[in-house]
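Hi everyone, thanks for making time this morning. I'd like to walk you through one model, so please have the viewer open and follow along.

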Amino acid sequence: MEFYTQRQYRGPLKAAIFDWAGTTIDYGCCAPAGTFQDLFRRNGIEATIAQAREPMGMHKRDHIATMLAMPEIARQWEAEHGSPHSDDDVTRLFETFIPLQLKALPNFLDIIPGVVNTVDAMRARGMKIGATTGYNEEMMGFCQEAATREGYVPDVSIAVTQVPAGRPAPWMAVKAAMELQVFPWESIVKIGDTVTDVLEGLNAGMWTIALTKQGNEVGLSRAEVEAMAPGDLAPRVERATQKLAQAGAHYVVESVEDIPPLLDTIEERLARGERP
Ligand SMILES: [Mg+2]
């Protein structure tokens, strides 16, 4: 056969899947960053905030393993404990992490400005709303409860403990899509604030939007952002933009408020036969 037909989806966007911390609640993704530093300090390790934030978005056990493998942290660990860290150490640290995170979490559940308006705009165009997170189900429950009080109620929410593997694997996004009963994957946009969020969306074959100013890559609370001189903030936003764009995000914007115009842009691309 000389000619083949390529099947193309040219319909509208049908769903958005949002990350939780740093994307819809907890401006700056400050809850886990501080807890990881606290956890390592309790084990004799001074982890920098940059080290604590680098693997953000992963399953928290994978996050701990990734931090322990960083050369500077591995060196401190060996000096403190007399041998390289083992898989049992990862397990023990993860078991310590869970209650520390649950204790800190209630202080970091403020909804991020613009979430409700953006979700309303999506629902008005017929989109369903999903959520995924590197938190376990109990931590996610705190997020859902607080967000519900503020008027943000996704149709489904999937915790990392409900799938075989966390980000960068696509399973949470895929499970959310399945529970929303939405397909094809190119009719879905995944939104998050970390490199692993972007990879989750790309691995699921979805459009990806990454957020800078309000998320983990700039890594500042709302009060810190508001107090910072524009000249100091701009280079941090620029660095985050470069990093998330290099990870492969289709769009990188400062905040969740910047998303609605992108939905038209993505639908125009779909209408031309483009895929993520
Ligand atoms: Mg996040």
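Let's go straight to Cys29, which sits in the loop between E1 and H1. This is a predicted model, so please hear everything I say with that in mind. The backbone at Cys29 deserves a look: phi is near 50°, a positive value, and the residue is not a glycine. Is Cys29 buried or exposed? There are 28 C-beta neighbours inside 10 Å, and 20 or more is enough to count as buried, so Cys29 is buried.

Now step back along the chain to Asp26, in the loop between strand E1 (15-19) and helix H1 (30-41). Here too phi is positive, about 55°, although Asp26 is not a glycine. And the burial? Asp26 has 28 C-beta neighbours inside 10 Å, so Asp26 counts as buried.

From that loop the chain runs on to H1, so let's see what H1 packs on. One helix to look at is H5, residues 87-104: H1 and H5 pack at an angle of about 135°, and their axes are 9 Å apart. How should we describe that angle? Roughly antiparallel would need an angle over 145 degrees, and H1 and H5 are therefore oblique to each other. The crossing of H1 and H5 is right-handed. In the contact of H1 with H5 there are seven nonpolar residues, four polar ones and one charged one. If you want to select them, the H1 side is Ala31, Pro32, Gly34, Thr35, Asp38 and Leu39. Facing them from H5 are Leu93, Thr96, Phe97, Leu100, Gln101 and Ala104.

Next, please colour the strands. Six of them make an open sheet, with parallel pairing, in the order E3-E2-E1-E4-E5-E6. Which strands stand at the edges? They are E3 and strand E6 (251-253); each has a single partner strand, so one side of each has no neighbour in the sheet. From one strand to the next, the twist averages 20°.

Zoom in on the E3 edge for a moment. Strand E2, residues 128-133, pairs with E3 in the parallel sense over four bridges. One of the residue pairs to click on is Gly130, whose bridge partner in E3 is Val156.

Then there are two prolines for anyone who checks omega angles. Pro168 lies in the loop between strand E3 (156-159) and helix H8 (171-180). The peptide bond leading into Pro168 from Arg167 is cis, with omega near 10°. Pro184 is in the loop between H8 and strand E4 (188-192). The bond from Phe183 to Pro184 is cis as well, with omega near -5°.

Last stop: Ala146, in helix H7, residues 137-150. Which residues does Ala146 touch, leaving aside its neighbours within four places in sequence? The contacts are Ile25 and Leu109. Ala146 has 18 other C-beta atoms within 10 Å, and buried would take 20 or more, so Ala146 is partly exposed. If you'd like a distance to try in the viewer, take Ala146 to Leu233: they are 87 residues apart in sequence and 29 Å apart in space, C-alpha to C-alpha.

That's my tour. Thanks for listening, and I'm happy to go back to any view.

Terms used. Residues are numbered from 1 along each chain as its sequence is written. This is a predicted model: local features need pLDDT of at least 70, side-chain atom pairs count only at pLDDT 80 or more; totals for chains, interfaces and linings use all residues. A residue is buried if 20 or more other C-beta atoms lie within 10 Å of its own, exposed if 12 or fewer, and partly exposed in between; C-beta atoms are placed from the backbone. Two residues are in contact if their C-beta atoms, placed from the backbone, lie within 7 Å. Axes are lines fitted to C-alpha atoms, for helices over the stretch in contact, and angles run from 0 to 180 degrees between N-to-C directions. Angles under 35 degrees count as roughly parallel, over 145 as roughly antiparallel, 65 to 115 as roughly perpendicular and the rest as oblique. A crossing is left-handed if the near helix is turned anticlockwise from the far one by less than a right angle, and right-handed if clockwise. Ala, Val, Leu, Ile, Met, Phe, Trp, Tyr, Cys and Pro count as nonpolar, Asp, Glu, Lys and Arg as charged, and the others, Gly among them, as polar. Two strands pair if DSSP finds at least two bridges between them.
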